[in-house]
Amino acid sequence: MRPRSLLGPINTFNLSELSNNYNYKLNKNLVSMARSSLEEISDSGAFVRSASTFRNFISSDQNSQFPAESGRYHLYISYACPWACRCLSYLYIKGLNKAISFSAVKPIWERTKDTDEYMGWVFPGSKIELPGAEPDPLNGAKSIRELYEIASANYTGKYTVPVLWDKKLKTIVNNESSEIIRMFNTAFNNVADSPTLDLYPANLRAQIDETNDWTYDSINNGVYRCGFAKKQEAYNEAARQLYEALDKCENILSKQRYICGNTLTEADIRLFVTLIRFDEVYAVHFKCNKKLLREFPNLFNYTKDIFQIPGISSTVNMEHMKLHYYGSHPSINPFGIVPVGPNIDYSAPHDRERFSA
Ligand SMILES: N[C@@H](CCC(=O)N[C@@H](CS)C(=O)NCC(=O)O)C(=O)O
């Protein structure tokens, strides 16, 4: 069920007045938001993420509804979004970026319609408006919301990225990153540059699943549970779980190169997308400040190690990340001020080669 707005009236921003340095003016109109993550708050003040809606699978079986075909699918992302960047990481490391096209939206949420107040992902008017973001190359849509409306006339869920789009049937195949990465891992192997790279190998599946469970709850979603909590107890509990899980990671990574052993797996990509945002965004914006990532020696070097895997740095656009978080949650950061630091160099040397594969 779609959560109702629990935020009540809030200030919004007149984003058409975005100036070149991305500061923007406060709009005096009071509006309420709908259908956004910012509303998913329980009575105890805790953030509770709702499930994704489009859950179809692309298959290597050419007779299936969504067969794996080069050139047929498109991935809509935001460089800000950790879930979307999981999927983008797979395009690069599996060598699928010739077979599956992708494009990125603008980082700061804007009004998507004149008729209601929903703020969400929008496409820029041109490629030069903000480097990295580009107009919708397929449907000429103005917003991600429009894509959901093309795919389903009576859609009532959230308008999230990633969106895996079928150009042939003009619909959304899947909007759940944990499933999209599984498809990218195997379904397109006949067109992938790295078909033998298996990030979810049979012998490690149980361990990967178990790791994903606690890293998702306490870290990937845990930072959001800290940041979106609306009661102190809910925040305290989310922060306690987050730091317990980070300590657990630090301990594991003091003994092995990756989170499930000495080979890279899906669990590492899923963890990385949160860690790379930690000090630049979550430590400040989501109040995850008990300890910074760079105070955990193994986790910090691990993050650099993954960042330096060929292709992964192309998925990290710190400007989009910072603009998005600090600029799109006015209930957390009303003036949209983007902090100056810390500008960490993740391409710096690390010590992870000490673990042999
Ligand atoms: N379960 C989804 C979550 C995706 C998600 O929450 N994306 C956020 C961006 S980080 C979004 O698009 N939010 C739009 C909104 O809340 O209106 C996945 O993993 O694919």
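In this talk I will go through a few residues of the structure above and the elements around them. Please keep in mind that we are looking at a predicted model.

Let me begin with two strands, β3 and β4, which pair in the parallel sense over four bridges. Between them the chain passes through α1, and this β-α-β crossover is right-handed. If you would like a place to start looking, find isoleucine 77, which stands opposite alanine 104 in β4.

From there we can move to the loop between β3, residues 73–77, and α1, residues 82–93, where cysteine 81 has its place. Is cysteine 81 buried or exposed? Its relative accessible area is 7%, and because buried means under 20%, cysteine 81 counts as buried. Setting aside residues up to four places away in sequence, cysteine 81 touches Val161 and Arg277.

Cysteine 81 also appears in a record, since UniProt, in an unreviewed entry, places the feature "active site" at Cys81 and Tyr224. Although these positions span 144 residues in sequence, their C-alpha atoms are no more than 11.9 Å apart, so they gather at one spot.

Turning to that other position, tyrosine 224 is found in helix α5, which covers residues 222–228, and at 8% relative accessibility it counts as buried. Without its neighbours within four places in sequence, tyrosine 224 has contacts that include Phe47, Arg49, Tyr282, Phe286 and Tyr325.

Next comes the loop that follows β4, because I would like you to see lysine 106, which lies between β4, residues 101–104, and β5, residues 110–111. What is the relative accessibility of lysine 106? The value is 10%, so lysine 106 counts as buried. Which side chain does the side chain of lysine 106 join in a polar contact? The partner is glutamate 129, and the contact is 2.4 Å. Not counting residues up to four places away in sequence, lysine 106 touches Glu129 and Ala133, and also Trp121, Val122, Phe123 and Pro124.

My last residue is histidine 320, which is found in helix α9, residues 318–328, and which is buried, with a relative accessible area of 0%. Leaving aside neighbours within four places in sequence, histidine 320 is in contact with Tyr79 and Ala80, with Val105 and Pro107, and with Leu130, Pro131, Gly132 and Ala133. Ala133 is therefore a residue to look for twice, as lysine 106 touches it and histidine 320 is in contact with it.

Key:
Residues are numbered from 1 along each chain as its sequence is written. This is a predicted model: local features need pLDDT of at least 70, side-chain atom pairs count only at pLDDT 80 or more; totals for chains, interfaces and linings use all residues. Side-chain values use heavy atoms; hydrogens and water are left out. Buried means under 20% relative accessible area, exposed over 50%, partly exposed in between (1.4 Å probe, protein chains only). A polar contact is a pair of N or O atoms within 3.5 Å; within protein, one must be able to donate a hydrogen and the other to accept it, and residues adjacent in sequence count only if both atoms are side-chain atoms. Contact means heavy atoms within 4.5 Å. UniProt positions are given in the numbering used here, feature names are shortened, and annotations may be inferred rather than shown by experiment. Two strands pair if DSSP finds at least two bridges between them. A crossover is right-handed if, with the strands pointing away from the viewer, the path from the first strand over the helix to the second runs clockwise.
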